[in-house]
Amino acid sequence: MDNKIRTAAEAAEADALPRMFETHTDPDRKAGAQEVPEAVTRKPVNQKSPAQWAYERTVLYLKKFEEQLDNEHELAMGFTGGDAGVLRIEGMGYFDPDIVTFYGTDPAGGRTQLVQHVSQLNVMLRALPKAVEGKAPNRIGFRLVQDLEDADQETT
C-alpha cells in the first residue's frame with residue numbers, strides 16, 4: 001500500500017489516470033500494475049469520448065496479445081454472442097462519441113467490418129496461422145499503439 005501523502009489535486013489526478021492490472025497463473029508472466037503508454041494517460045479519462053476510451057484500451061490489449069504470439073500466428077478476433085465467426089484484424093478505429101470499428105478479413109478471405117457500440121463491446125482475441133506462409137506476421141497492435149503515440153505528439 002502506498003503511504004505517500006498526496007495533495008487533493010494529486011489524488012484526483014491519480015484517480016483520473018488509467019491503470020492496468022493483471023495476474024496470471026504462470027509465474028513467469030508479469031503480474032501486477034502494467035505500464036500504460038503516455039499517449040493514453042496524457043488526457044484525463046473524463047475528457048475522452050466513450051469511443052476513444054474504448055478504442056485506446058482495446059488497442060493496448062491487442063498489442064499485449066500480439067507480444068505473446070510466435071512468428072507463425074497473427075491476431076484475430078472472435079465474435080462473442082453470435083454466429084459471425086472470426087475476423088483477422090487489419091485495422092481499427094472509432095467514431096465519437098460511442099462507436100468502435102474493426103476492419104479485416106474472415107477465414108475465407110472476405111472483407112469484413114464490425115461496427116459496434118461501446119456498450120456492446122465484447123470480443124475474444126484469437127491467434128490464427130499467418131495468412132501468407134513464409135511472410136512476416138502482421139502486427140496490427142504494435143501499429144495501433146504507434147499511431148496513438150504519433151497522434152499524441154501532434155497534439156502536444
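A residue is called exposed at over 50% relative accessible area, buried at under 20% and partly exposed in between, for a 1.4 Å probe and protein chains only. The legends describe a predicted model, in which local features need pLDDT of at least 70 and side-chain atom pairs count only at pLDDT 80 or more, whereas totals for chains, interfaces and linings use all residues. Residues are numbered from 1 along each chain as its sequence is written, and side-chain values use heavy atoms, with hydrogens and water left out.

**View 1. Thr23 in the loop between strands S1 and S2.** Thr23 is found in the loop that runs from strand S1 (20-22) to strand S2 (32-34), strands being DSSP E runs of at least two residues and helices H or I runs of at least four, numbered from the N terminus. Thr23 counts as exposed because its relative accessible area is 58%. Ten residues separate Thr23 from Ala33 along the chain, and their C-alpha atoms are 9.0 Å apart. For orientation, the chain has four helices and seven strands, which follow one another in the pattern α-β-β-α-α-β-β-β-β-β-α. Of the 156 residues in the chain, 35% are buried.

**View 2. The largest nonpolar core, with Met77 at the centre of the description.** This core, a set of buried Ala, Val, Leu, Ile, Met, Phe, Trp, Tyr and Cys residues joined through side-chain atoms within 4.5 Å, has 25 residues, and those with the most contacts inside it are Val59, Met77, Ile89, Met92, Phe102 and Leu144. At least two residues of the core come from each of helix H2 (38-41), H3, S3, S4, strand S5 (99-105) and H4, and H3 gives the most, with seven residues. Leaving aside residues up to four places away in sequence, Met77 touches Gly85, Val86, Leu87, Ile89, Phe102, Leu114, Val123 and Met124, contact being heavy atoms within 4.5 Å.

**View 3. The largest pocket, with helices H3 and H4 in its lining.** A pocket is an open set of points on a 1 Å grid with protein on both sides within 12 Å along at least five of seven lines, a cavity is a set where a 1.4 Å probe fits but cannot get out, and lining residues have an atom within 4 Å of a point. The volume of the largest pocket, the space filled by probe spheres set on the points, is about 280 Å³. Its lining consists of 13 residues, and Gln52, Glu56, Leu148, Ala151 and Asp152 lie nearest the centre. Helix H3 (50-67) and helix H4 (140-155) each supply at least two lining residues, and H4 gives the most, with five. The lining comprises five nonpolar, two polar and six charged residues, where Asp, Glu, Lys and Arg are charged, Ala, Val, Leu, Ile, Met, Phe, Trp, Tyr, Cys and Pro nonpolar, and the others polar.

**View 4. The second largest pocket, where H3 gives the most to the lining.** This pocket has a volume of about 240 Å³, and its lining is formed by Met20, Gln34, Glu35, Val36, Pro37, Leu60, Lys63, Lys64, Glu67 and Val145. H3 contributes four of these residues, the most for this lining, which has five nonpolar, one polar and four charged residues.

**View 5. The cavity lined in part by strands S3 and S4.** The structure holds one cavity of 30 Å³ or more, and the largest cavity encloses about 30 Å³ of space. Its lining is made by Glu66, Glu74, Leu75, Arg88, Ile89, Asn138 and Ile140, with at least two residues each from strand S3 (73-79) and strand S4 (86-95). By class, the lining has three nonpolar, one polar and three charged residues.
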